[in-house]
Amino acid sequence: MQLLLRFCPLVTLLLLFLFPPLAQGKVLRVELTSRESVLKGKSWGDAGAYELLRGKVYFGIDPNNRFNQQITDLSLAPRNADGLVEAWGDLIVLQPVNRRKGRGTALVEVSNRGGKFTPTYFNAASRSQELDVNDPTYWGDGLVMRQGLTVIWIGWQCDVPMGEGLRLEVPIAKQADGSSLTGWARSDWTIDEPAAFLRLGHRNLEGYPATDLTSSKHQLTERDGRDAPRRLVPRDQWEFARLDEEGNVQPSPEHILLQEGFRAGKIYELVYQAADPKVVGLGLAAIRDIISYAKYDRTSPFRVTRGITAGVSQTGRFLRHFLYQGFNTDELGRKAYDGMYIITAGAGRGSFNHRYAQPSRDGHRYSAFLYPTDIFPFSSQAQTDPVTGVTDGLLQHLADPTHAPRIFYVNTGYEYWGRSASLIHTDLNGTADITPLPNERIYHVASGQHYVDAFPPRQSVPGGFQGNPLELRLTYRALLIRLVEWAEGKAEAPPSRYPTFAAGELKRVEALGFPAIPGVQVPQVTNHPYRADYGDRWPQGIIDRQPPLLGYAFPVVVPALDELGNERSGIQSVELRVPLATYTPWSLRRGYPAAQNELIDFRGYWLPLPATEAIRRATGDPRSSIEALYPTPEAFQQEVAKAANQLIQEGFLLPEDRTAVAARQQQYWDFLHPAGAKAPTKGPANGSLIIIGGGRLDSVFYQKFMELAGGPDAPIVIIPTAGEDSFLEREGSEEQIKNPFAAAGFRNITVLHTRDPQVANTDAFTAPLKQAKGVWFSGGRQWRLADSYLHTQTQEAINDVLARGGVIAGTSAGASIQGSLLVRGDTNGNTLMLGDHTEGFGLVSQVAIDQHLLARNRQFDMFSVTKQYPDLLGIGLDENTGIVVQGNMFSVIGKSYVAIYNSEETISESNEPGDGMPRFLLLHQGDRFNLVERRLIRD
């Protein structure tokens, strides 16, 4: 046995896990199922190689322990032979293989709805969920590993669906005689698209099943807005049911079905009776006990000496709840966490510890209404509510004042608008500042939305784009290191940075003073918490009044702005110090079926500055132009480097992230100044283009194609790749594609199609193009052509057809792809002018081409593109109409019109500058246009 233990340390660990010393209401055991080396033993600086442990952790909670008395219904849960209430959850640990090389500090991530954010927030990784030890995309630059940290993930949330993330299994509370408990639960839905049935759970999380499904005590209401009166939906018009895949009605205690369907633009709310509540508050105990196990239990396989914890959004609110209910003292009276990193939680707590609690429920201006997520107290400092007379504070319930951890509260601009963040540092009259406690720092990341949005942006709106791409994560990385050093006692944390009344940095919404950017509507509302009455038993964690009875709202203020409309307080990232745009943390529900003046959850706007002084004057934009701020690209880059150095000195940017900052700023610059933007608009040096606006085509287009290709025997290639797979894979589709060309007289036709760019990059696939005199792109979705052929041998072969004097033609999607900037190229739909695909084939340079112009009322859509790219020429083609491009000239053929858009100046038919209003020039059959000079040719 001694020999076995000597050579099998894993066996030794397993024996300790299966037969640990007698547990006293804490981690009972850990069962490991795997232990893998990360990236085949790659060394991460001084910490060396890392390993990933997976398994389960089993908790035993003592109902009689005084530090557990705050857990709702714990006394009603079943107990094991030792009198403990058991729970168990998923466990993942990332740690140095040689733990002596680590720094002895654990980062416990409180996982948001079963997921993982540490890889993407702190490690600059592009993926996070599966943590594949052999895939570098999950590990990024390894910041947490290079710092020698141990990272622990556990399941704490009991409503995460099985198999869809980290989950905690908790018992069900019962009556003393073992019978079921029943009580009131509530679900609500903001309906923006019609639906036949709805799930009771929030988002994709599990809800509480209803009981007594046919009873009239369940009530469903409908209302027209957040504050509109509720209308009772008659009970015989809805049921607990769903539709199966065949459309049949199936009874279901976890869904509701409305006979006439749930209508877009309405808010529905269900108050219903449920049974068998879970002991949800055990999630708080699990997060407490995992760090105590790691710090104090000598048998722990991930032993550390200190612990910090981090939560984002939902789990940031969880940590505020954790603090308020005194969970930072474990069952043996020891301090749990030394530091807490609470990110984008605003002033909220949450549904983490009451009967029928739903941990996923949040609260925004126009969704998830009136759950107990935003309730007094809000600040760590104790305050007296002037309405109720109650005095309380977030840290007033610590069992031991010395157990207060060092805390970072980090919020973006969105949390001030959507999560009432001002209440964590203002008084309850909304008129005075509250000083943070010595053990806390408050940081406001100015102008950020709740998370980093996609860039390049996908959805255009008046004045710019939906979705704020301000890069928060570089700040989060730096603050993580600052918190670790502070919690370890090695360095003082940077001073708090947040807006104050004293500095004039907090404003009422009505006094915001946002600049009058053309087309941009400013919100007139914020989200604010109410004094809410949940019933007499709410102090015991039981809600008897659903929905709650509302009292007065708490006052909320928002950060003040600079002259560009960016927030001027807090941590200003390089995007704000060297601005190219206005970053708003808010956006409005424009285009939604109702409440268009209300706030969208989480997201803001990105509103680029006018590129030039001429554009600024023409549009009436009050903001500075990019041209005025930065006369050269070099001047811009110098300002970026200066701002990055300032942030490094202040402690809000890591020196190693200086390059990432510069790269991000260059992305913005390149998006607003596309490569070759100052180059002239030109057609092909050789050959011809036929660019057609789609629709049913007259024979003139096929005749012109034949003429330019060289006659009926000329080899032509038809590329239908923009079309739908359902058509292209259908039997006989190839003949159907050839038919109109055969009817026009072509006798040498090849259909060429692939979705695989690797295939498009082969000699075998491009062989027909090497003989072709003409190529025709059919209609569909232009992004499919980009995905399949951009930067492949196929694209080169198409260019060679032109070089040989051949002809390239395309209709609809086949027209747009011929431009240099691809419009309507978004994979999510063809209504976005600038989407996730913006690169065309560039057969005509410095041009964006739209189609179906007048037939689909698109004649005004190109203005947003030419405003964003003022050096581009916009061409809009109506159906059954096109242009024939030869050299730098084109002529119009077909029955309708071609529109020309030029934002260099506002143009009119006389080719004289306009009156400052954007216009387009309409051309018709026979008209000719000079692309280089951008003027109509008059005979």
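## The second largest pocket

Let's start with a pocket: the second largest one has a volume of about 770 Å³. Its lining is made of 32 residues, and the ones closest to the pocket centre are Arg 349, Ile 375, Phe 376, Trp 538 and Pro 539. Bear in mind as you look around that this is a predicted model.

Which elements give two or more residues to this lining? They are α6 (314-324), β25 (530-533) and β26 (549-553). Of these, β25 gives the most to the lining of the second largest pocket, with 4 residues.

## Strand β14 and its partners

Next, have a look at strand β14, which covers residues 255-262. Because 6 of its 8 residues are buried, strand β14 is largely enclosed by the rest of the structure.

Two pairings of β14 are worth tracing on your screen. Strand β8 (residues 195-199) runs antiparallel to β14, and 4 bridges join them; here Leu 198 stands opposite Ile 256 of β14. Strand β11 (residues 238-239) also pairs with β14 in the antiparallel sense, over 2 bridges. In that pairing, Trp 238 has Leu 258 in β14 as its bridge partner.

## A nonpolar patch on the surface

Finally, turn to the surface, where Leu 854, Tyr 897 and Leu 922 form a nonpolar patch. Together they have about 230 Å² of accessible area.

Leu 922 sits in strand β40, which spans residues 921-923. Why does Leu 922 count as partly exposed? Its relative accessibility is 33%, and partly exposed is the class between buried, under 20%, and exposed, over 50%.

Technical notes: Residues are numbered from 1 along each chain as its sequence is written. This is a predicted model: local features need pLDDT of at least 70, side-chain atom pairs count only at pLDDT 80 or more; totals for chains, interfaces and linings use all residues. Side-chain values use heavy atoms; hydrogens and water are left out. Patches are made of residues with over 30% relative accessible area and no salt bridge: like charges are joined within 9 Å, nonpolar side chains (Val, Leu, Ile, Met, Phe, Trp, Tyr) within 5 Å. Accessible areas come from the Shrake-Rupley method with a 1.4 Å probe; for residues, only the protein chains shown count as cover. A salt bridge is a side-chain nitrogen of Lys or Arg within 4 Å of a carboxyl oxygen of Asp or Glu. Buried means under 20% relative accessible area, exposed over 50%, partly exposed in between (1.4 Å probe, protein chains only). Two strands pair if DSSP finds at least two bridges between them. On a 1 Å grid over the protein atoms alone, a cavity is a set of points where a 1.4 Å probe fits but cannot get out, and a pocket is an open set with protein on both sides within 12 Å along at least five of seven lines; lining residues have an atom within 4 Å of a point. Grid points are joined across faces, edges and corners, and a volume is the space filled by probe spheres set on the points.
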